[in-house]
Amino acid sequence: ISAPPASVQTKVRQRNELRPLSYQEKRQLGQDINKLPPDMIEGVIRIIQESGTDLGGEEDGADEVELDIEALDTPALKKLQKYVKKCLTKARAKKGREEIF
């Protein structure tokens, strides 16, 4: 069986980008964000700020910010999901290389 035409694949991809995250996906995203190394958290903060969502705690000079995943819109959540997945893959690869040496 051959792959569907590119136009069909594009429509499916666009539909997936518009589909809101399920409760389980949001929960997993929150857990994955907590697994990120500190140097990769800045990207999470940047994506949230670009979405226009307020980050509680940053005006106090606090080291921690509270993230309400429910307050983020679907495009921001999808962008975060993609970023976090990429970062975790990178972090795991780096950790694997370090264990070899």
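This is a walk through a predicted model, stop by stop, with something to select at each one.

**Stop 1: the whole chain**

Start with the whole protein chain in cartoon view. You should find four helices and zero strands, so reading from the N terminus the elements go α-α-α-α. Of the chain's 101 residues, 24% count as buried. Switch on a surface if you like: the chain exposes about 7,800 Å², and carbon and sulfur atoms supply 53% of that area. As for how the chain meets itself, take the contacts between residues at least 6 apart in sequence; 65% of these join residues at least 24 apart.

**Stop 2: colour by confidence**

Now colour by pLDDT. The mean for the protein chain is 81, and 71% of its residues reach 70 or more. Which element has the lowest mean pLDDT, and which the highest? Helix 1 (residues 6–18) is at the bottom with 62, while helix 2 is at the top with 96. Where pLDDT is low, the predicted coordinates should not be read in detail. With that in mind, we'll move on to helix 2.

**Stop 3: helix 2, end to end**

Select residues 23–35, which make up helix 2. Try a quick ruler check here. At 1.5 Å a residue, these 13 residues should span 18 Å, and the end C-alpha atoms sit 19 Å apart, which agrees.

Next, show side chains for K26, L29, D32 and I33, the buried residues of helix 2. They cover an arc of only 125 degrees around the axis, which puts them on the same side of the helix. Turn to the face pointing away from that buried side and you'll meet the exposed residues Y23 and N34.

**Stop 4: three residues of helix 2**

Click on K26 first. Is this lysine buried or exposed? K26 counts as buried, because its relative accessibility is 17% and the cut-off is under 20%. Look around K26 for its partners: leaving out neighbours within four places in sequence, K26 is in contact with L21, I69, E70 and L77.

Then click on D32, also in helix 2. D32 is buried as well, with a relative accessible area of 16%. Select V84 and L88 to see what D32 touches, once residues up to four places away in sequence are set aside.

The last pick in this helix is R27. R27 is partly exposed, at a relative accessible area of 40%. Its side chain makes a polar contact with the side chain of Q24, at 3.1 Å. Draw a distance from the C-alpha of R27 to that of I69: the two residues are 42 apart along the chain, but these atoms are separated by 8.6 Å. You have met I69 already, as one of the residues in contact with K26.

**Stop 5: helix 3**

Move along to residues 38–51, which form helix 3. The ruler check works here too: 14 residues at 1.5 Å each should span 20 Å, and the end C-alpha atoms are 21 Å apart, which agrees.

Which residues of helix 3 are buried? Highlight M40, G43, V44, I47 and I48. Look down the axis and these buried residues fall within an arc of 135 degrees, so they line one face of the helix. The face turned away from the buried side carries the exposed residues P38, D39 and E42.

Before leaving, click on E50, still in helix 3. E50 is partly exposed, with a relative accessible area of 49%. From its C-alpha to that of A76 is 8.3 Å, although the pair is 26 residues apart in sequence. Just after helix 3, select G52, which takes a positive phi of about 90 degrees.

**Stop 6: the start of helix 4**

For the last stop, select residues 74–100, helix 4, and pick out T74. T74 is partly exposed, with a relative accessible area of 21%. Now bring up R19 and draw one more C-alpha distance. How many ångströms separate T74 and R19, given that they are 55 residues apart along the chain? Their C-alpha atoms are 7.4 Å apart.

Terms used: Residues are numbered from 1 along each chain as its sequence is written. This is a predicted model: local features need pLDDT of at least 70, side-chain atom pairs count only at pLDDT 80 or more; totals for chains, interfaces and linings use all residues. Side-chain values use heavy atoms; hydrogens and water are left out. Helices (H or I, at least four residues) and strands (E, at least two) are DSSP runs, numbered from the N terminus. The expected span of a helix is 1.5 Å times one less than its number of residues. Buried means under 20% relative accessible area, exposed over 50%, partly exposed in between (1.4 Å probe, protein chains only). The arc is that of the directions from the helix axis to the C-beta atoms. A polar contact is a pair of N or O atoms within 3.5 Å; within protein, one must be able to donate a hydrogen and the other to accept it, and residues adjacent in sequence count only if both atoms are side-chain atoms. Contact means heavy atoms within 4.5 Å. Accessible areas come from the Shrake-Rupley method with a 1.4 Å probe; for residues, only the protein chains shown count as cover. pLDDT is the predictor's confidence in each residue, from 0 to 100.
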